[in-house]
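Subject: Handover of a structure and the findings on it

Dear colleague,

Please find below the structure I am handing over to you. The findings follow directly after it.

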Amino acid sequence: MAGTLHVELVSADKLLWSGEATSLLARTLEGDIGILPGHAPVMSLLADGVVEIETEDNETWVAAVDSGFLSVAKDRVSILAESAVMSHDIDLERAKHDLARVKAEGGDDEEAADEVRRLEARIRAAEIAS
């Protein structure tokens with residue numbers, strides 16, 4: 001289907017990306033979702049994961065997001081994340097080091113598990129973009 005989506009990726013403290021896109025991939029609590037122009041309206045909870053935005057100029061913008069909401073209506077996509085970071089702002093080696101440290105500390109609590117998911121998402125985002 002021809003056309004574009006107007007996408008806005010927003011974290012709690014700033015607008016990270018806004019523009020026209022031909023497709024978008026995101027991870028929701030129900031699983032991965034792909035959005036193309038003409039997509040049916042959707043409102044879903046985001047899981048910690050990666051968002052990939054393909055622009056009409058064939059550029060791919062990748063971000064790691066930490067939970068939030070995804071809304072699709074009339075070719076407009078809003079991604080509202082608790083926190084998010086664009087792949088080009090991620091220090092891949094630091095994220096790998098931090099992940100190894102968190103795993104070595106062996107915390108079995110929910111906070112440690114959340115930190116592992118966030119760091120794994122950042123690593124995936126950086127690797128996808130490279």
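How many positive and how many negative side chains does the chain have, and how far apart do the centres of the two sets lie? There are 12 positive and 27 negative side chains, and the two centres are 2 Å apart. Please bear in mind throughout that this is a predicted model.

Overall organisation

The chain contains 2 helices and 7 strands. Read from the N terminus, the order of the elements is β-β-β-β-β-β-β-α-α. Along the principal axes, the C-alpha atoms occupy a box of roughly 50 × 25 × 25 Å. The radius of gyration is 15 Å, which agrees with the value near 14 Å that a compact globule of 130 residues would have. Of the 130 residues, 42% are buried. The accessible surface amounts to about 7,300 Å², and carbon and sulfur atoms account for 50% of that area. If one takes the contacts between residues at least 6 apart in sequence, 53% of them join residues at least 24 apart.

Nonpolar cores

The largest nonpolar core has 23 residues, and the members that touch the most others are Val-7, Leu-9, Leu-24, Leu-70, Val-77 and Ile-79. At least two residues of this core come from each of β1 (5–11), β2 (15–28), β3 (31–35), β4 (42–46), β5 (49–55), β6 (60–73) and β7 (76–86). Another core, of 8 residues, lies apart from it and includes Ala-64, Ile-90, Ala-121 and Ala-126.

Leu-70 shows how the largest core is connected. When neighbours within four places in sequence are left aside, Leu-70 is in contact with Leu-24, Ala-26, Val-42, Met-43, Ser-44, Leu-46, Val-77, Ser-78 and Ile-79.

Val-10 and Val-85

Two valines may be considered together. Val-10 is part of strand β1, while Val-85 belongs to strand β7. Although 75 residues separate them along the chain, their C-alpha atoms are 9.9 Å apart.

Is each of these residues buried or partly exposed? The cut-off for burial is under 20% relative accessible area. Val-10 has a relative accessibility of 23% and therefore counts as partly exposed. Val-85 has a relative accessible area of 17%, so it is buried.

Their contacts, again without residues up to four places away in sequence, are as follows.

- Val-10 is in contact with Leu-15, Leu-16, Ile-79, Leu-80 and Ala-81.
- Val-85 touches Leu-16, Ala-63, Ala-64, Ile-90 and Arg-122.

Leu-16 thus appears among the contacts of Val-10 and among those of Val-85. Two further contacts of Val-85, Ala-64 and Ile-90, are members of the core of 8 residues. For Arg-122, which lies 37 residues from Val-85 along the chain, the separation between the two C-alpha atoms is 7.9 Å.

Backbone angles

Two residues other than glycine deserve a remark for their phi values. Ser-67, in strand β6, has a positive phi of about 45°. Asp-75, in the loop between β6 and β7, has a positive phi near 60°. With a relative accessible area of 29%, Asp-75 is partly exposed.

With kind regards

Technical notes: Residues numbered from 1 in each chain as written. Predicted model: local features only at pLDDT ≥ 70, side-chain atom pairs only at ≥ 80, totals over all residues. Heavy atoms only, no water. Core = buried A, V, L, I, M, F, W, Y, C linked by side-chain atoms within 4.5 Å. Buried < 20%, exposed > 50% of the residue type's maximum accessible area, 1.4 Å probe, protein only. Helix = DSSP H or I, 4+ residues; strand = E, 2+ residues; numbered from the N terminus. Contact = heavy atoms within 4.5 Å. Rg over C-alpha atoms; globule rule 2.2 N^0.38 Å. Areas by Shrake-Rupley, 256 points an atom, 1.4 Å probe, with all protein chains shown as cover. Lys, Arg positive; Asp, Glu negative; His and termini not counted. Charge placed at Lys NZ, Arg CZ, Asp CG, Glu CD.
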